[in-house]
Amino acid sequence: MGDLFSKFDPLIEQRETLLEGAVTDPFNLVMEKVESPTVAICNGKRTILLGTYNYMGMTFDPDVIAAGKQALDDFGSGTTGSRVLNGTYVGHKAVEQALKDFYAMDHAMVFSTGYQANLGVISTMAGKDDYIILDIDSHASIYDGCALGNAQIVPFRHNDVEALDKRLKRLPPEAGKLVVLEGVYSMLGDVAPLKEMVAVAKAAGAMVLVDEAHSMGFIGDRGRGVAEAQGVIDEVDFIIGTFSKSVGTVGGFCVSNHPKFEILRLVCRPYVFTASLPPSVVATAATSIRKLMDSADKRAHLWENSKRLHAGLRQLGFTLGTDEPQSAIIAVIMPDLETGAAMWEALLREGLYVNLARPPATPAGMTLLRCSLCALHSEDQVGEILGMFAAAGRATGCIS
Ligand SMILES: Cc1ncc(COP(=O)(O)O)c(C=O)c1O
């Protein structure tokens, strides 16, 4: 009998080699206690969190927590049903209204995760004989959305406007086309040239979807994302987002101004064939989204943190994913996986948690230490973080 697991043998071997001599598995860390959006206890030690995507620090907001507790009392622990059957409560409508208000858009549809939002909207919108033109560094959920549907897939070089234009011009003019972009790319923390890309897409008669998972709440004057910051939000057909980052809970969504948008509720399988979010989750999300509308001071402080960390790491001699800070993600490029894992562990021993990212999730086979800042990191904490990078970097030979 063929063992279906044998295809994973190279990965199992790589993992075992990596863990030889290491104390902690970078992909199996346990948060024993979470004290705040920026501090947890890991391995019994106070640890600063710098890899949680909790950009706006909403997870411990007292209003958010109170809303969740109230909904738990009033509506129970779960809906046990699909949105199109028994799973739409007033709270689901309220969070969709909060999203419509946040983005100033006509329609909002909430999914159980951001992954499912991409899966659903991409596979449903682009059908047989249509084309999906996507950045090669797109998130796994975008690729999986393509795989679930049956459109033709046309990838183009990361953030390359000319490459996008060339691909579009080669496609049949009358064919349906969906250009899929991200506001912030989460591996390197770089921002897309959306203004130019949306112009090129529209000139070719394509519809545009932008995943703003890593920019919602932070980028743009009102936190609507990179499309807002670059002045093209009204030309984007679909914005996809998640509640698992700035909003501080779990869930996903799509907002749009398209007049026929609501039909998606009947035809989008990852929306129809799964249970809806628990009442406590939609209540926390709605409260958080409404508070994010009014968070200009936090956005300004987060930019300060991002600039301070970027400049400090560069001064220490680390190689970073972007020349300038472009978002709340700062990626530190490691020479190889072994050094990356050693550095990750040295940082944890110092009391700092970051994300270790490795191929195939990363572009160009890179190993990265991804740092995501929070608006609630204090200036002192950023100083502490830099001290830990200096000590761990010297101990592992990453810097001299
Ligand atoms: C760009 C992007 N889109 C979508 C998702 C999926 O979001 P969720 O965690 O809500 O499934 C992520 C999550 O990492 C992401 O980075």
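**Entry 1: elements**

I take helices and strands as DSSP runs numbered from the N terminus, with at least four residues of H or I for a helix and at least two of E for a strand. On that basis I place Leu85 in the loop between helix 2 (62-75) and helix 3 (90-103). I note here that the model is predicted.

**Entry 2: the loop after helix 2**

I looked up the accessibility of Leu85 and found a relative accessible area of 69%. Leu85 is therefore exposed, since the cut-off for that class is over 50%. I then looked for nonpolar neighbours on the surface. Leu85 belongs to a nonpolar patch with Val84, Ile263, Leu266 and Val267. Together these residues of the patch have about 500 Å² of accessible area.

I also checked the backbone of this loop. Thr80 lies in the loop between helix 2 and helix 3. Its phi is near 50°, a positive value in a residue other than glycine. Thr80 has a relative accessible area of 73%, so I list Thr80 as exposed.

**Entry 3: other backbone entries**

Which other residue did I note with a positive phi although it is not a glycine? Asp129 has a phi of about 75°. I find Asp129 in the loop between helix 4 and strand 5 (131-135). With 56% relative accessible area, Asp129 is exposed.

I looked up the peptide bond between Pro359 and Pro360 and found it to be cis, with omega at about 5°. Pro360 sits in the loop between strand 15 and strand 16 (367-372).

**Entry 4: largest pocket**

I turned to the pockets next. The volume of the largest pocket is about 800 Å³. I count 39 residues in its lining, with His139, Ala140, Ser186, Met187 and Arg370 nearest the centre. Four elements give two or more residues to this lining: helix 4 (114-125), helix 5 (140-148), strand 11 (238-242) and strand 15 (355-357). Which element gives the most to the lining? Helix 5 does, with 4 residues. By class I get 17 nonpolar, 14 polar and 8 charged residues for the lining of the largest pocket.

**Entry 5: second largest pocket**

The second largest pocket holds about 190 Å³ of space. I find 16 residues lining it, and those nearest its centre are Leu49, Gly51, Thr52, Asn54 and Thr59. The lining of this second pocket divides into 6 nonpolar, 9 polar and 1 charged residues.

**Entry 6: cavity**

I searched for enclosed space as well. Rolling a probe the size of a water molecule over the atoms shows where empty space is left. How many cavities of 30 Å³ or more does the structure hold? I find 1. The largest cavity contains about 70 Å³ of space. Its lining includes Arg83, His92, Val110, Phe111 and Ser112. Further along the chain, Pro270, Tyr271, Thr274, Ala275, Ser276 and Leu277 also line the largest cavity. Strand 4 (107-111) and helix 10 (269-272) are the elements that give two or more residues to this lining. I sort the lining of the largest cavity into 6 nonpolar, 4 polar and 1 charged residues.

**Entry 7: salt bridges**

Side chains of opposite charge can pair when their charged atoms come close. My search of the whole structure gave 15 salt bridges. I looked up three of them in detail.

Arg157 pairs with Asp160, and the closest N and O atoms are 3.1 Å apart. Arg157 is exposed at 59% relative accessible area, whereas Asp160 counts as buried at 18%. The cut-off for buried is under 20%, so Asp160 falls within that class.

Arg222 forms a salt bridge with Glu228, again with 3.1 Å between the closest N and O atoms. I list Arg222 as partly exposed, at 46% relative accessibility. Glu228 is buried, with a relative accessible area of 12%.

Glu262 bonds to Arg265 in a salt bridge whose closest N and O atoms are 2.6 Å apart. Glu262 counts as partly exposed at 33% relative accessibility, and Arg265 counts as buried at 13%.

Which residues are linked in a network with Glu262 and Arg265? I find Arg83, Lys93 and Glu96 joined to them through salt bridges. Arg83 thus appears twice in this notebook, because Arg83 is among the residues that line the largest cavity and is part of this network of salt bridges.

Notes. Residues numbered from 1 in each chain as written. Predicted model: local features only at pLDDT ≥ 70, side-chain atom pairs only at ≥ 80, totals over all residues. Heavy atoms only, no water. 1 Å grid on protein atoms, 1.4 Å probe; cavity = no way out; pocket = protein on both sides within 12 Å on 5 of 7 lines; lining within 4 Å. Points joined across faces, edges and corners; volume = space filled by probe spheres on them. Nonpolar A, V, L, I, M, F, W, Y, C, P; charged D, E, K, R; others polar. Patch = residues over 30% accessible without salt bridge, like charges linked within 9 Å, V, L, I, M, F, W, Y side chains within 5 Å. Areas by Shrake-Rupley, 256 points an atom, 1.4 Å probe, with all protein chains shown as cover. Salt bridge = Lys/Arg side-chain N within 4 Å of Asp/Glu carboxyl O. Buried < 20%, exposed > 50% of the residue type's maximum accessible area, 1.4 Å probe, protein only.
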